[in-house]
Amino acid sequence: MISFESDYDNGCHEAILKRLLMTNEDRATGYGLDDYCIAAKEKIRNACETPDADVFFLVGGTQTNATVIDSMLASYQGVLAVETGHINVHESGAIESSGHKVLTLPSHDGKMDAVELEQWLHDFYADPTYDHMVFPGIVYITFATEMGTIYTLAEMQAISRICKEYHLPLFIDGARLGYGLMAQGSDITLPQLAALCDVFYIGGTKCGAYCGEAVVFPHHNAPAHFFTIVKQHGALMAKGRLLGIQFDTLMHDGLYFKIARHAIEQAMRLREAFITRGYKMYSNSPTNQQFVLLDKDTVQRLEKDFVFEQWYPVGDKMNCRFVTSWATRPEDVDALIAAL
């Protein structure tokens, strides 16, 4: 079976495996205080052009979202996100379990609209009874989104401006950050993204690492005692060297971006094949996630040789997700194209 199920259904990039083996006998301080983590943090600061950034390594995406959001909210505050946002749909109530409500806005191919965000905030504070409500405390967006789409620089600047106007931190979920930055048509650089938000993370789990995410507070603005809060959320790895070595390797010589670009190239080959053969795409995704509407017979035929996800029906078709990754082989794409 050839898998297009997800971008984390395999191990890690071979350069990471080699580095882990090479350093296996080394003794290292725990909890992210080792030399590997220190070196990786410096590489991340350089890549983001944020010399004063606070950088932390956490074990996974759900723990990262829950920890960051909880650390930045008061007990009476919630997080603003679109309806399709990962924290609202696919994280099993992790945010709500910490006592914070997810306040939803409409989703536009996975994206938040700045005008709607501004209107929501205006309406909230225009209500004289807002003291009885859950206050907005942080704005959460994803790059790339759950639908594989990306924000333009202008769109992100508009959201950032509104957040500053209402004194709300902007949190960018970067679980698939590499694929978003390397997407065809993307006009946002990593330093620009870092400058526009208050916190974001560089996703490793879905982009070459065995596990781990790198949380960046670009303006030396981490909440007080964030390290302790990370541990409270079970997101701190005792053998922090595992994460440090992985990110030190990924950030060396632009490897993170090179392997993300490979995934995009394979996804675009697949997208073109769907379109030229008359299949209808569900979203206009320039990233490694491709959503296509397939009839029941085509789904059953492809399932004999390929693994992919069926999300939900759209009319008489099924919205199916095909995901490429840093590890997708061109010959696997060739096989799927031939099967189409």
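**Note on the predicted model**

1. At 54% relative accessibility, leucine 33 counts as exposed, the cut-off for that class being over 50%. Leucine 33 sits in the loop that links α1 (14-22) and α2 (35-48). Together with Tyr31 and Phe227, Leu33 makes up a nonpolar surface patch whose accessible area totals about 290 Å². The coordinates discussed here and below belong to a predicted model.

2. Strand β7 (residues 199-203) is mostly covered, with five of its five residues buried. Val199, Tyr201 and Gly203 point one way from the strand, while Phe200 and Ile202 point the other way. In a regular strand, side chains alternate between the two faces of the sheet. Residues on both sides of β7 are buried.

3. β7 has pairing partners in β6 and β8. With strand β6 (residues 170-173) the pairing is parallel and runs over two bridges; here phenylalanine 171 has valine 199 of β7 as its bridge partner. With strand β8 (residues 213-217) the pairing is antiparallel, over four bridges, and tyrosine 201 stands opposite valine 215 of β8.

4. Alanine 214 also belongs to β8. Its relative accessible area is 0%, so alanine 214 is buried. Apart from neighbours within four places in sequence, alanine 214 is in contact with Ile44, Phe56, Phe57, Phe200, Tyr201, Ile202 and Phe247. Of these contacts, Phe200, Tyr201 and Ile202 are buried residues of β7, and Phe247 is among the buried residues of α10. By contrast, methionine 147, which is 67 residues from alanine 214 along the chain, has its C-alpha atom 22 Å from that of alanine 214.

5. Helix α10 (residues 241-250) is largely enclosed by the rest of the structure, because nine of its ten residues are buried. The buried residues are Arg241, Leu243, Gly244, Ile245, Gln246, Phe247, Asp248, Thr249 and Leu250; charged Arg241 and Asp248 are thus listed alongside nonpolar residues such as Leu243 and Ile245. The elements that cover them include α1, α2, β2 (54-58), β7, β8 and α11 (255-276). The strands β7 and β8 in this list are the antiparallel pair of point 3.

6. An open sheet is formed by four strands in the order β9-β10-β13-β12, with antiparallel pairing. Its edge strands are β9 (280-281) and β12 (309-314), each of which pairs on one side only. β12 is joined to strand β13 (residues 317-323) by five bridges, and the two run antiparallel. Within this pair, glutamine 310 of β12 stands opposite cysteine 320 of β13.

7. A search of the whole structure finds zero disulfides. For cysteine 48, the closest cysteine sulfur is that of cysteine 197, at 8.9 Å, which is too far for a bond; the cut-off for a disulfide is 2.5 Å. Cysteine 211 is likewise in no disulfide, and its nearest cysteine sulfur, in cysteine 12, is 8.9 Å away. Cysteine 48 is buried, with a relative accessible area of 1%. Cysteine 211 is buried as well, with a value of 15%, given that buried means under 20%.

Conventions: Residues are numbered from 1 along each chain as its sequence is written. This is a predicted model: local features need pLDDT of at least 70, side-chain atom pairs count only at pLDDT 80 or more; totals for chains, interfaces and linings use all residues. Side-chain values use heavy atoms; hydrogens and water are left out. Patches are made of residues with over 30% relative accessible area and no salt bridge: like charges are joined within 9 Å, nonpolar side chains (Val, Leu, Ile, Met, Phe, Trp, Tyr) within 5 Å. Accessible areas come from the Shrake-Rupley method with a 1.4 Å probe; for residues, only the protein chains shown count as cover. A salt bridge is a side-chain nitrogen of Lys or Arg within 4 Å of a carboxyl oxygen of Asp or Glu. Buried means under 20% relative accessible area, exposed over 50%, partly exposed in between (1.4 Å probe, protein chains only). Two strands pair if DSSP finds at least two bridges between them. Contact means heavy atoms within 4.5 Å.
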